[in-house]
Amino acid sequence: MTEISGITDFIDQAGARCQVFDMGRRMQALSREQFLAFERDGEPYPYPLQQQAWLGIMVWHDSKPDDLVIWFVKFPLDAHGCLASAIRDDFVFRLINKDEPAESGQEDSNPYGFKPKQEHMASFHARAARILGQPPSRFYEHARDYFSGTPGFDQWAFVGFQGIADVVARLDEDDNHQRLADALPQLPAQPLEAVCQCLEHEIIDDTLGDVLGTLLQQTLVAADAPDAYRASLLIRAVSGAENQDRLAALIEAVLNSPLAEHPEVIASISGRCWLSLQQPRLMNRFLEVLARCPEGQAFFNLVIVDLINIPGMQAPIHTAIRDPERSDTLARAIGELFQQYTQ
């Protein structure tokens with residue numbers, strides 16, 4: 001038997017094709033080169049979450065695209081954000097010694113499996129259908145009709161989440177992009193939540209970015225109590241904006257709002273909009289807000305450790321925590337963080 005040297009090699013030798021997605025921060029495709037650099041060449045994982053690589057791996061044969069196998073796996077990363085070859089080889093060994101790899105990360109299949117959230121599963125399957133050239137689910141047309149406003153935007157109760165995911169995954173088809181942009185300002189809370197949960201995995205152009213940005217700014221200045229959960233959903237939805245300057249301006253507005261210290265808002269910024277935090281002004285402001293979050297020191301530590309493990313984030317964080325103009329509150333939080341991790 002030919003020696004197998006990794007996950008990609010295992011799939012190649014089976015004569016199959018694969019597409020790998022990051023499932024941790026945002027559901028985004030990894031190129032073959034990116035995944036090979038990670039699993040074979042010892043490069044740091046580009047999108048770590050909680051010091052792990054969360055992956056969705058589609059495997060199929062061109063002759064049988066309906067026989068799709070999906071592995072949802074999470075691999076622990078070392079101190080440098082890399083995958084230990086022993087873990088990779090153990091995973092491959094388990095695949096070789098099973099007749100058919102289990103789908104959806106069933107706990108009895110291997111210790112690396114996990115089950116994504118239901119809304120992530122819907123977006124994953126919507127994206128998979130596009131990649132395989134398959135039609136969307138039977139809920140697609142109903143969702144499109146709803147976003148047209150024909151039945152009334154209050155008639156959302158019977159719109160399937162999978163249909164919403166299919167529409168969002170096909171923004172460039174059937175006038176879905178404009179239909180959704182027109183509908184967003186009119187949606188009740190529940191369907192807006194569903195749309196945002198799907199949009200956070202997509203590239204957002206200026207049209208949708210402007211609509212989402214306006215909704216976010218309206219949420220921040222609401223006359224009644226600002227809604228932190230709604231704000232966090234909108235932050236996540238616009239996180240894939242093509243216009244990074246526009247996104248940075250929105251994040252700055254959030255960090256200067258009454259909602260800035262809410263843990264859900266902080267988590268949405270650090271989890272989805274980390275690239276904006278590479279700007280020194282935003283990183284400094286973010287750390288000040290984080291230090292005052294009522295969740296306390298444990299939450300501060302968790303967010304910093306998670307961010308600093310993302311490639312490219314170490315330098316902005318180190319610069320910000322050494323800023324002589326930092327507040328006493330931030331200085332104390334940094335001191336306690338260092339004390340905990342140097343003991």
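**Close-ups of a predicted model**

**View 1. A260, a buried alanine in a loop.** At just 3% relative accessibility, A260 counts as buried, because the cut-off for that word is anything under 20%. This is a predicted model, so keep that in mind for every view here. Where does A260 sit? Look in the loop between α11 (244–255) and α12. Setting aside its neighbours within four places in sequence, A260 is in contact with V254, L255, V265, I266 and V289. Now find E288, which is 28 residues away from A260 along the chain. The C-alpha atoms of A260 and E288 are 10.0 Å apart.

**View 2. Helix α16 and its two sides.** Helix α16 runs over residues 328–342, which makes 15 residues. From the first C-alpha to the last, α16 reaches 21 Å, close to the 21 Å expected at 1.5 Å a residue. Which residues of α16 are buried? They are L330, A333, I334 and L337. These four lie on the same side of α16, because they cover an arc of only 95° around the axis. Here's the general idea: an α-helix has 3.6 residues a turn, so residues three or four places apart point the same way. Over on the other side of α16, you'll find D328, R332 and T342 exposed. What covers the buried residues of α16? The cover includes α13 (280–292), α14 and α15 (314–321).

**View 3. The largest pocket.** This pocket has a volume of about 760 Å³. It's lined by 30 residues, and the closest to its centre are L49, Q50, K117, R236 and R272. Four elements give two or more residues each to the lining: α4 (118–131), α10 (228–238), α12 (263–272) and α14 (297–308). Which of them gives the largest share? That's α12, with seven residues. Sort the lining of the largest pocket by class and you get 13 nonpolar, eight polar and nine charged residues.

**View 4. The second largest cavity.** Searching the whole structure turns up three cavities of 30 Å³ or more. The one to look at here is the second largest, with a volume of about 40 Å³. Who lines it? The lining is made up of I204, D205, D206, G209, D210, V238, A241, E242, N243 and R246. Helix α9 (residues 206–220) supplies the largest share of this lining, three residues. By class, the lining of the second largest cavity has five charged, three nonpolar and two polar residues.

Definitions and conventions
Residues numbered from 1 in each chain as written. Predicted model: local features only at pLDDT ≥ 70, side-chain atom pairs only at ≥ 80, totals over all residues. Heavy atoms only, no water. 1 Å grid on protein atoms, 1.4 Å probe; cavity = no way out; pocket = protein on both sides within 12 Å on 5 of 7 lines; lining within 4 Å. Points joined across faces, edges and corners; volume = space filled by probe spheres on them. Nonpolar A, V, L, I, M, F, W, Y, C, P; charged D, E, K, R; others polar. Expected span 1.5 Å × (residues − 1). Buried < 20%, exposed > 50% of the residue type's maximum accessible area, 1.4 Å probe, protein only. Arc of directions from axis to C-beta. Contact = heavy atoms within 4.5 Å.
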